[in-house]
Structures are given as C-alpha cells and as structure tokens.
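Colleague: Pick one spot in this model that deserves a close look, please, and then work outwards from there. I'd like it in plain bench language, with the cut-offs spelled out as you go.

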Amino acid sequence: EAIREAGFDPDTSLDLSMFWQALATYRVREGVTPEEDQELHEALRKFGSATGGEISVLQVGKLLRFLGFALPLMEMQSFVELVDVDCSGSLDLCELRKLLRMLREKDVEQARHAFDAQCNAQGVSRLSLPLVTQALARLGVNNSLVFITERDLPRGTVDGSHRQEPNAPWEVDLQGFVRICNRLQRKARMRNREQHGFTCKEVLELRSVFKQYDVGGSGDIKPREQIKFIEDHFPEMAHEKNLRPELLAVMDQVDSERNGRLTFEGFLVLAQRLSDMHDTWRLRKEQQIISSTAFSVQQLHGFRELFMAADKGTGRLSLVDVRGMINNITPIGAKYFGELQAAFKQVAAQRQDAGENHDHLDFPEFVLLMSRLVESNFANITAKTR
C-alpha cells in the first residue's frame with residue numbers, strides 16, 4: 001500500500017530512488033494503512049480539539065475505544081507516556097499514528113510468543129490447524145467470542161510469501177500465523193466498535209450484570225436499579241458530590257425512549273459512558289498527584305511498569321505488594337516495615353471515597369507514597385535507586 005501511495009506499481013521492480021520514496025511514505029504513516037488512517041482522522045475530528053489537529057491525553061481512551069481497541073487504562077497510559085515525549089498533554093496526528101504502530105507491534109510480539117511457545121511444546125516449526133487453535137487460545141482468542149471462519153484460516157501451506165500448495169497438509173509458519181492474528185484482531189476491533197467499544201467477552205459479562213438489575217426479568221432496568229448499578233460498580237464516582245450532576249446527565253442522555261428505562265443496548269451505552277467518565281476522573285486525579293512530585297517522565301513510566309507487574313490486573317496494590325516491591329530494592333526489617341505501614345495508611349487515608357477501605361493504593365497514590373519515601377530517604381532508598 002505504501003508503494004502504491006508513493007505512485008509506483010507494487011508488481012514491478014523498484015530502483016533505489018523509488019524504494020526510498022516508498023519507505024518515506026511508509027515511515028510518515030508509521031505503517032498505518034490508508035483505511036486505518038481514514039478511521040484515525042474520523043476519530044480525531046470526533047474527540048480532538050476544535051481544529052481537529054490534536055487530542056488531549058484525557059480523551060485518548062475514548063478515541064481508542066471508538067477505533068475498537070480494548071486497553072486497560074494503565075496499559076494505555078504506559079503507551080501514551082512513550083508517545084507524548086514533550087509532555088504537552090496532547091497528541092497530534094503523527095503521535096497518534098505512532099501510538100497505533102506501538103499497539104500493533106505489541107500484538108505482533110504477543111503472536112510471536114504464542115507461536116514459539118506452541119512450536120516448542122510440540123517440537124515443530126510449523127503449526128497444523130489444531131495447533132493454530134491452541135496457539136490462538138494462548139492469546140485468549142476463543143472461537144465463540146471472535147467467530148473464526150475458514151476465511152481466517154486459509155487452506156494449504158501458508159507462509160510469509162503467501163504461497164499456498166493445495167495438496168499439502170494445512171500448516172502455517174510464523175509470518176502466516178501473524179497474518180492470521182492480524183486478520184482476527186481487525187475483525188475483533190470492528191465488532192468492538194459495533195458494541196460501543198466492549199469486547200465480546202465484556203458484553204457477555206455485562207449481560208450477566210444487566211440481569212442482576214433487571215428486577216422481574218422485564219428486559220429493562222429502571223432508574224433506581226441504574227443508580228444501584230453505578231453505586232456498586234463505580235463507587236468512587238457515585239460518592240463524589242461534584243460528579244453527581246454529570247452522572248445524572250449521563251443517565252438522561254442514554255435514555256433514548258425518555259421513559260427512564262434502559263434495555264440492554266441502552267445499558268451498554270450507559271456502561272461505556274460511565275467507563276469513559278471514570279477513566280477521565282482517574283486521569284485527572286493522576287495528573288493532580290503527579291504534578292505535586294518531582295519525578296521525571298522516565299521515572300513515572302518506570303513506576304507504572306513496576307505497578308502493572310505487581311497489581312495482577314486489579315489496578316491496586318496492597319501493603320504486602322508494596323513491601324515486596326521495595327524489598328527488592330532495599331531490605332526492609334521490622335523497624336522500616338512499621339514506617340512503611342504508617343506512610344501507606346497516611347496516603348490511603350487521604351482518599352475521600354465514602355465507604356472505601358484503606359488497605360490498597362491505586363497508581364497515583366502509589367506515586368505519592370514513593371515520592372514521600374524518596375524525600376525521607378526511607379531505608380536509604382535514594383542511594384539504592386541511583
């Protein structure tokens with residue numbers, strides 16, 4: 001596609017000058033296809049600034065959800081930190097293209113690991129159809145969720161050069177497997193867009209949640225049940241007085257029938273709006289806390305990687321988690337553990353969420369704790385982290 005966009009025929013030979021022109025086109029697009037670039041422009045116009053030239057980092061999650069990417073907030077922020085190198089707090093088109101390239105590279109790397117693991121387990125260099133299915137399962141791809149068809153798994157021997165031998169047993173090499181994964185990921189993103197940004201697995205989980213609040217099995221949930229859902233699943237926002245007008249506005253906006261009741265389709269929209277609102281609220285909290293510390297962007301990125309490696313996908317760390325993390329840097333005896341426990345509780349106690357316990361820290365609170373530990377040179381941690 002880059003060769004064609006540069007004005008050349010992909011089926012003809014390229015001299016050095018033509019090759020460099022095609023490569024320059026590819027690099028400008030960061031490997032993004034024209035179709036993907038068109039979708040990116042559409043998303044940027046929808047969620048970006050009035051001029052459409054850039055987007056706040058607070059809105060990047062909405063943009064990615066619109067494009068069908070399903071990323072946890074922490075993982076998304078980790079990528080944004082790598083792209084927003086000037087710390088401007090916004091991303092332009094070039095930076096967004098780079099972000100999409102990084103997400104694709106992550107997918108390719110995961111596919112490669114799944115392929116290698118399956119090949120090593122079976123002692124083979126190519127995968128048969130049953131082994132491809134097992135390798136896809138390593139990636140969390142389930143046929144009932146992604147709807148794999150024969151078009152996704154072409155017949156014949158498939159390799160990176162697209163060569164197929166009709167009479168050969170069905171096998172796939174690494175490049176062919178990556179191509180299959182790319183096709184399935186594209187298919188999944190299209191379906192995510194149709195489902196308000198949620199994956200098929202998330203939709204199944206949300207349908208189960210919907211049934212819990214569908215009193216009497218009427219097929220819809222009333223305002224009282226909607227409020228109960230928000231209190232149960234978004235307690236931090238539900239008990240934040242300043243957010244109540246916005247929460248009520250969201251409930252009103254998704255009530256398309258103007259009768260106060262939501263079908264499952266409306267419930268999905270409500271869940272999506274609340275998820276976006278919750279992510280924005282968390283990011284603002286993160287920016288506020290981080291701005292009070294003296295950590296560099298590189299240090300914050302390092303803390304985020306440490307946090308994600310220890311939080312087991314919960315977005316929270318317990319005192320035991322933090323102790324284990326710091327103990328890898330500097331030994332913590334009984335004396336220092338008492339100091340750590342006091343500092344941990346002090347940070348957690350600042351949380352204003354009603355009804356929340358104080359036995360965990362989210363990422364902004366973890367950064368605040370680390371800032372205080374560094375400032376006080378807790379257990380000589382400053383020297384150990386230079």
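Modeller: Let's begin at N380, which counts as partly exposed because its relative accessibility is 38%; buried means under 20% relative accessible area, exposed means over 50%, and partly exposed is anything in between (1.4 Å probe, protein chains only). N380 sits in the loop between α18 and α19 (381-384). Helices here are DSSP runs (H or I, at least four residues; strands would be E, at least two), numbered from the N terminus. What catches the eye is the backbone: phi of N380 is near 60°, a positive value in a residue other than glycine.

Two bits of housekeeping. This is a predicted model, so local features need pLDDT of at least 70 and side-chain atom pairs count only at pLDDT 80 or more, while totals for chains, interfaces and linings use all residues. Residues are numbered from 1 along each chain as its sequence is written, and side-chain values use heavy atoms, with hydrogens and water left out.

R258 also has a positive phi, near 60°, and isn't a glycine. R258 is in the loop between α13 and α14, and it counts as exposed because its relative accessibility is 53%.

How far to trust all this? pLDDT is the predictor's confidence in each residue, from 0 to 100; the protein chain averages 85, and 90% of the residues score at least 70. Over residues 155-162 the pLDDT drops below 50, although in the model that stretch has 31 contacts beyond near neighbours in sequence. Contact means heavy atoms within 4.5 Å.

Back to α18, on one side of our loop. The largest nonpolar core has 30 residues, and I326, L340, F366 and L369 have the most contacts inside it. α14, α15, α16 (319-327), α17 (334-348) and α18 (363-375) each give two or more residues to this core, with α18 providing the largest share, seven residues. By nonpolar core I mean a set of buried Ala, Val, Leu, Ile, Met, Phe, Trp, Tyr and Cys residues joined through side-chain atoms within 4.5 Å. Zoom in on L369: past its neighbours within four places in sequence, L369 touches V322, L340, A343, F344, V347 and L361. A separate core of 27 residues lies apart from that one, and V203, F210, F234 and F264 are among its members.

Now α11 (residues 223-233), where the buried residues are E225, Q226, F229 and I230. They span an arc of only 145° around the axis, so they sit on the same side of α11; the arc is taken from the directions from the helix axis to the C-beta atoms. In general, an α-helix has 3.6 residues a turn, so residues three or four places apart point the same way. The buried residues of α11 pack against α10 (200-213), α12 (235-238), α13 (244-253) and α14.

α14 also takes part in the charge pairing. A salt bridge here is a side-chain nitrogen of Lys or Arg within 4 Å of a carboxyl oxygen of Asp or Glu, and that rule gives 19 of them. R304 pairs with E81 at 2.7 Å, N to O; R304 is in helix α15 (residues 297-310) and E81 is in helix α5, so the bridge ties together parts 223 residues apart in sequence. R304 and E81 are both buried. R304 also bridges to E286, with the closest N and O atoms 2.5 Å apart. Since E286 belongs to helix α14 (residues 264-290) and R304 to helix α15, this pair ties together parts 18 residues apart in sequence. E286, like R304, is buried. Elsewhere, salt bridges with shared partners join E35, E39, R186 and R193 into one network.

Helix α5 has another link: E75 and K106 meet in a salt bridge of 3.1 Å, N to O. E75 is in helix α5 (residues 73-83) and K106 in helix α6, 31 residues apart. E75 is partly exposed, at 22% relative accessible area. D107 is also in helix α6 (residues 93-122), and D107 counts as buried because its relative accessibility is 13%. Beyond four places in sequence, D107 is in contact with Q185 and R189.

Last, the cysteines. The count of disulfides is zero, a disulfide being a pair of cysteine sulfur atoms within 2.5 Å. C94 is partly exposed at 48%, whereas C200 counts as buried at 12%.
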